[in-house]
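Please open the structure in your viewer and keep a selection panel at hand. The tour moves from one site to the next, with a selection to make at each stop.

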Amino acid sequence: MKQGRLIIAANWKMNRAPEGALAEGSPYLPNKDIDVVVFATLLDLRRCIVAGIITGAQYGFPKEKGAYTGETSMQMICEEGAQYVLCGHSERRDPPHNETDEFIAEQVASALKAGIYPILCIGETEKEHDADLTFDVIDRQLKRVTLTPKVTIAYEPRWAIGSGKTPTPSEAQKIHAFIKKKGGSRTLYGGSMNGKNAKDFLKQPDIDGGLIGGASLKPKEFAMIVEAARAITGRITGYA
Ligand code: PGA
């Protein structure tokens, strides 16, 4: 069953804000029907916040302060005004970062302690998918994390990220239902979501939103995804 408001989250990765993103009427701004969140580079956070956008950081370090050259703590991200943080995005689980499940669990705990909402990213590689190991991988990735209602989980099959390939919406639904039984609150689908396929994913009963990379850099396409989510919210009776 769907939980909370749908979230449509833009992951701009290592790209500056798209043109017009901070202007009045931009699809990245909050709206009354769904939660729209933008994961910008740390250098764009303040500009986005000033423009009225709900923001998140793409990464945060799980220590409060000290001799950690180059790092930014969850506490600092919170003080800057961001409300969310991505933990364990597949691009950070991969080289050169090689983030482990243990480190990612620390990030989730540190974000909660700092008062920001973690979005924990999980998902299997293509090899694991082909070997039918998806559920085992997800189990392992969730095992070390203390899931609370403040933790959102983004299921992002690694083979679907930036590739144009996706699972079918009903395959994704099965995995989301499995994840929901493990705890956390909302579950998002991520991996090549776009203006065309968003509706089919978002209408699945256990998919509570999307985490969008490539398509989130194109304001018109992102607007289509936001509208698909708003239309679905409108159809769910009694949906708060
Ligand atoms: P994609 O990226 O939409 O470009 O596949 C999703 C993500 O990396 O969060």
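The stops that follow are the ligand, the cavity, the pocket and the aromatic rings.

Before selecting anything, keep in mind that this is a predicted model.

**The ligand and its shell**

Begin with the ligand and display its surroundings, which consist of 13 residues, the closest being Lys-13, His-89, Glu-156, Gly-162 and Ser-192. Colour this shell by residue class, and it divides into four nonpolar, seven polar and two charged residues.

Next, show the backbone atoms of Ser-192, where an N or O atom lies 2.7 Å from an oxygen atom of the ligand. Then move to Gly-213, which has a polar backbone atom 2.8 Å from an oxygen atom of the ligand, and to Gly-214, for which a polar backbone atom is likewise found 2.8 Å from a ligand oxygen. If you now switch on a surface, note that the ligand taken alone exposes 280 Å², of which the protein buries 96%.

**The cavity**

Keep His-89 and Glu-156 selected, since both belong to the shell around the ligand and both also appear in the lining of the largest cavity. Extend the selection to the other lining residues, namely Gly-88, Ser-90, Arg-93, Cys-121, Ile-122, Gly-123, Gln-141 and Arg-158. Helix 3 (90–93) and strand 5 (117–122) are the elements that give two or more residues to this lining. By class, the lining holds two nonpolar, five polar and three charged residues.

How many cavities of 30 Å³ or more does a search of the whole structure find? The search finds one, and the volume of the largest cavity is about 40 Å³.

**The largest pocket**

Now select Leu-42, Gln-58, Tyr-59, Arg-92 and His-97, which, among the 16 residues that line the largest pocket, lie nearest its centre. The volume of this pocket is about 380 Å³, and its lining divides into five nonpolar, seven polar and four charged residues.

**A stacked pair of rings**

For the last stop, turn to the aromatic side chains, which form eight pairs in the structure. Select Tyr-28 and Phe-222, whose rings are stacked, with 4.7 Å from centre to centre and 10° between the planes. Where in the chain do Tyr-28 and Phe-222 lie? Tyr-28 is in the loop between strand 1 (7–11) and strand 2 (35–40), whereas Phe-222 belongs to helix 9 (residues 219–235), so that the pair links distant parts of the chain, 194 residues apart.

Technical notes: Residues are numbered from 1 along each chain as its sequence is written. This is a predicted model: local features need pLDDT of at least 70, side-chain atom pairs count only at pLDDT 80 or more; totals for chains, interfaces and linings use all residues. Side-chain values use heavy atoms; hydrogens and water are left out. On a 1 Å grid over the protein atoms alone, a cavity is a set of points where a 1.4 Å probe fits but cannot get out, and a pocket is an open set with protein on both sides within 12 Å along at least five of seven lines; lining residues have an atom within 4 Å of a point. Grid points are joined across faces, edges and corners, and a volume is the space filled by probe spheres set on the points. Helices (H or I, at least four residues) and strands (E, at least two) are DSSP runs, numbered from the N terminus. Ala, Val, Leu, Ile, Met, Phe, Trp, Tyr, Cys and Pro count as nonpolar, Asp, Glu, Lys and Arg as charged, and the others, Gly among them, as polar. A residue is near a molecule or strand if one of its heavy atoms lies within 4 Å of it. A polar contact is a pair of N or O atoms within 3.5 Å; within protein, one must be able to donate a hydrogen and the other to accept it, and residues adjacent in sequence count only if both atoms are side-chain atoms. Accessible areas come from the Shrake-Rupley method with a 1.4 Å probe; for residues, only the protein chains shown count as cover. Rings of Phe, Tyr and Trp (its six-membered ring) pair if their centres lie within 6.5 Å; planes under 30 degrees apart count as stacked, over 60 as edge-to-face and the rest as tilted.
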